[in-house]
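Visitor: Hi, I have a structure open and would like a guided look at it. Could you walk me through the parts worth a closer view?

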Amino acid sequence: MALITMHDVCWGFGDPPLLENINFTLEKGERVCLLGRNGVGKSTLLKLVSGRMVPDSGDIWCSQGVTISWLTQGVPEDADGTIFEIVAEGFGETGRALVEYHRLCRDTDTPDQREQQKRGELQHLLDVKEGWTIFQSVETVLSRTGLDPTVLFGGLSAGMKRRTLFARALAQSPDILLLDEPTNHLDIDTILWMQDYIQRHVKTLLFVTHDRSFVSKIANRIMELDRGRLFSYPGNYDTYLKRREADLLSEEKQNTLFDKKLSQEERWIRQGIKARRTRNEGRVRALVKIREAYKSRRKKTGNVRLQLQEAERSGKLVIRAKGVGFSYNSEPLVDDFSFILMRGDKVGIIGPNGAGKTTLLNILLKNISPDTGEVRHGTHIEVAYFDQLRAQLDENKTLVENISEDNDYIVFNGRKRHVISHLKDFLFTPERCRTPVYVLSGGEKNRLLLAKLVTQPANVLVLDEPTNDLDIETLELLEELFLEYQGTVLLVSHDRSFLNNVVTSSLVFEGKGRVIEYAGGYDDWIAQRPKPEERKNATGKNITTPKRKGGSDKPKKLGYNEQRELETLPKRIESLEDEHRKLSDTMSDPLFYKKDKLELTRVKDRFNELTVEIDGAYKRWEELEERFQ
């Protein structure tokens, strides 16, 4: 069943338009990933689907009664209030009335007559417009997403703000969920949580992302937006890569044949004029059409040309850290950390937001002095630093001014080069080069910072979240650059595929200031890290529980009690869900909120307990089923 249909949709200023003759349908149960280069119109397409924009031409049909929720790429600057209030406001006018009622009840213990009257008006409005059902929906989604409803939104980290806005989109139980770069600014643990949540609870999804691991786990169809056209590839990400490569080769062959035909016809007409022969007017008209088709052909956007400035080779030892410790507000960020970085090493740093990854980088670069221990640098080190906050860019200056302050030329590998020529390698047009930085998108700002980074000779690259907002083609080129680079790389990233493809070892934050080194990238760390049955002693060494008899570490087959548990779990889940549904109906009744406060608390607590129990029962069922098979 098609929930959304687009037919010959066009949108955009100028010729050709940004979106040209777009056709697609979104079926119930599909999880579709929309891919494409930065600036091709992916967010615009999501806005058209959501109804926030209307097309210049063409038709968009939405099935009757279908609800759509959208998680935007950015965080609203005017968002204010608690997490509960931010999520509730997603329900429009009724949600805002609920927020106002919630604030009146929260801020005033003994309301005066005017406030009592206001409360009464809001309560009546909520009774009429099913506001209490919204209240229950908000409570449910906050429980499922593990968010504290009383925490102020403004004080949250960027990752927790994205998680809150994700909950806001989910609260309406939409038929279609739209996500625009949902993993941006999230750490790996939160990305994995979101990935698991979507797999369990979200049926129909249209999303934009450049996180290849996320695409591989979630999508069952890929759509690519390229040169104004939309191409659909059923199947997973690996299938898309193979079919796309075949399509590009086919397009290249067709263009070669077309260009050959055009060249032949151009030679024919020139020879006809020279010999003053009577020309075949039908053939002339056909040539005119071929010329028009050639002019209207939308050429594929070029790739970023990444080159690094050559620098003097560093000494064999680059950085040595010994017994380093650093605390913030009495909390250890780094504890007794020792590490040796050799020339040519490519090291990734992995950890949750706030763990201290950027702090560790600054300690290793000697920008911050450790509380204990020492850091020593080798000889002939020249560092180029990529800052995730982009502090090296002046937002009010143009792109040219950010690359070269007082000169239109730079010296690159000993040769004089115009700044605009250099910026063209990073896909910036001459007109774009004269605009201020603040008008750029996130991906364009990261490309500009890369353009600035490579203008300085370096033998040590230190990059803090360089992959945010970059499209997949640029990420792949960046990977190739690092693989060919003969210098040393220190890299912070939450992009699992990027880490797997680039780094030779990983420094992982494992809690309470412990930073452990593992060989390889993200997947290698997952394979090597201590298993749940392992524990740590005070020195941080692994102590593994004895293997099962016979030395096998494979899971045992189900015992008698576990088989009985597997048999009874479906009935238990059914019983829990039945009780959960009854409490949901009770909480949806406006009269429920006129009951005693203790009774309200008891029912809501039991509702939240049931939500956790049901999730746990499903996980246990999956675990036993897997072992039973």
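Guide: Happy to; we can take the overall make-up, then some helices, then a few single residues. One thing up front: this is a predicted model.

Visitor: Good to know. How many helices and strands are there in the protein?

Guide: The secondary structure comes to 20 helices and 22 strands. The protein has 629 residues, and buried ones make up 45% of them.

Visitor: And what share of the contacts comes from residues 24 or more positions apart?

Guide: Counting contacts with a separation of 6 or more, 67% are between residues 24 or more positions apart.

Visitor: Let's go to helix α5. What's its length against the expected span?

Guide: Helix α5 covers residues 131–145. Its 15 residues should span 21 Å at 1.5 Å a residue, and the end C-alpha atoms are 21 Å apart, so the two agree.

Visitor: How many of its residues are buried?

Guide: Twelve of the 15, so α5 is largely enclosed by the rest of the structure. Among the buried ones are Trp 132, Phe 135, Gln 136, Glu 139 and Leu 142.

Visitor: What happens just after α5?

Guide: Gly 146 follows, with a positive phi of about 70 degrees.

Visitor: OK, now packing. How do α5 and α6 cross?

Guide: Helix α6 is residues 158–171, and its axis comes within 9 Å of the α5 axis, crossing at roughly 135 degrees. That angle makes α5 oblique to α6. The crossing is right-handed.

Visitor: Which residues make that contact?

Guide: From α5 you have Ser 137, Val 141 and Thr 145; from α6, Arg 163, Ala 167, Leu 170 and Ala 171. By type, the residues of this contact are four nonpolar, two polar and one charged.

Visitor: Ser 137, Val 141 and Thr 145 come from one helix. Why would residues spaced three or four places apart point the same way?

Guide: An α-helix has 3.6 residues a turn, so residues three or four places apart point the same way.

Visitor: Nice. At what angle do α5 and α7 pack?

Guide: About 130 degrees, with the axes 12 Å apart; α7 is residues 188–201. The two helices are therefore oblique to each other. Val 141, Arg 144 and Thr 145 in α5 meet Trp 193, Tyr 197 and His 201 in α7. Those contact residues divide into three nonpolar, two polar and one charged.

Visitor: And α6 with α7, are they roughly parallel or roughly antiparallel?

Guide: Their axes come within 12 Å and cross at roughly 10 degrees. Angles under 35 degrees count as roughly parallel, so α6 is roughly parallel to α7. On the α6 side, Arg 163, Phe 166 and Leu 170 take part, and they meet Thr 190, Trp 193, Met 194, Tyr 197 and Ile 198 of α7. Here the split is six nonpolar, one polar and one charged.

Visitor: Switching to backbone torsions. Which residue other than glycine has a phi near 50 degrees?

Guide: Asp 8 is one, with a positive phi near 50 degrees. Asp 8 sits in strand β1, residues 2–11, and its 32% relative accessibility means that it counts as partly exposed. Glu 181 also has a positive phi, about 50 degrees, although it is not a glycine.

Visitor: Where does Glu 181 lie? Is Glu 181 buried or exposed?

Guide: Glu 181 is in the loop between β6 (176–180) and α7. Its relative accessible area is 4%, so Glu 181 is buried.

Visitor: Any other loop residues to look at? What does Gly 81 touch?

Guide: Gly 81 is in the loop between β5 (68–71) and α2 (83–88). Leaving out residues up to four places away in sequence, Gly 81 touches Ile 86, Arg 103, Val 151, Leu 152 and Phe 153. Gly 81 and Arg 103 are 22 residues apart in sequence, with 9.3 Å between their C-alpha atoms. Gly 81 has 8% relative accessibility, so it counts as buried.

Visitor: Last one: where is Arg 529?

Guide: Arg 529 is in the loop between α18 (522–528) and β21 (534–536). With 34% relative accessibility, Arg 529 counts as partly exposed. Ile 516 is 13 residues from Arg 529 in sequence and 9.6 Å from it in space, C-alpha to C-alpha.

Technical notes
Residues are numbered from 1 along each chain as its sequence is written. This is a predicted model: local features need pLDDT of at least 70, side-chain atom pairs count only at pLDDT 80 or more; totals for chains, interfaces and linings use all residues. Side-chain values use heavy atoms; hydrogens and water are left out. Axes are lines fitted to C-alpha atoms, for helices over the stretch in contact, and angles run from 0 to 180 degrees between N-to-C directions. Helices (H or I, at least four residues) and strands (E, at least two) are DSSP runs, numbered from the N terminus. Angles under 35 degrees count as roughly parallel, over 145 as roughly antiparallel, 65 to 115 as roughly perpendicular and the rest as oblique. A crossing is left-handed if the near helix is turned anticlockwise from the far one by less than a right angle, and right-handed if clockwise. Contact means heavy atoms within 4.5 Å. Ala, Val, Leu, Ile, Met, Phe, Trp, Tyr, Cys and Pro count as nonpolar, Asp, Glu, Lys and Arg as charged, and the others, Gly among them, as polar. The expected span of a helix is 1.5 Å times one less than its number of residues. Buried means under 20% relative accessible area, exposed over 50%, partly exposed in between (1.4 Å probe, protein chains only).
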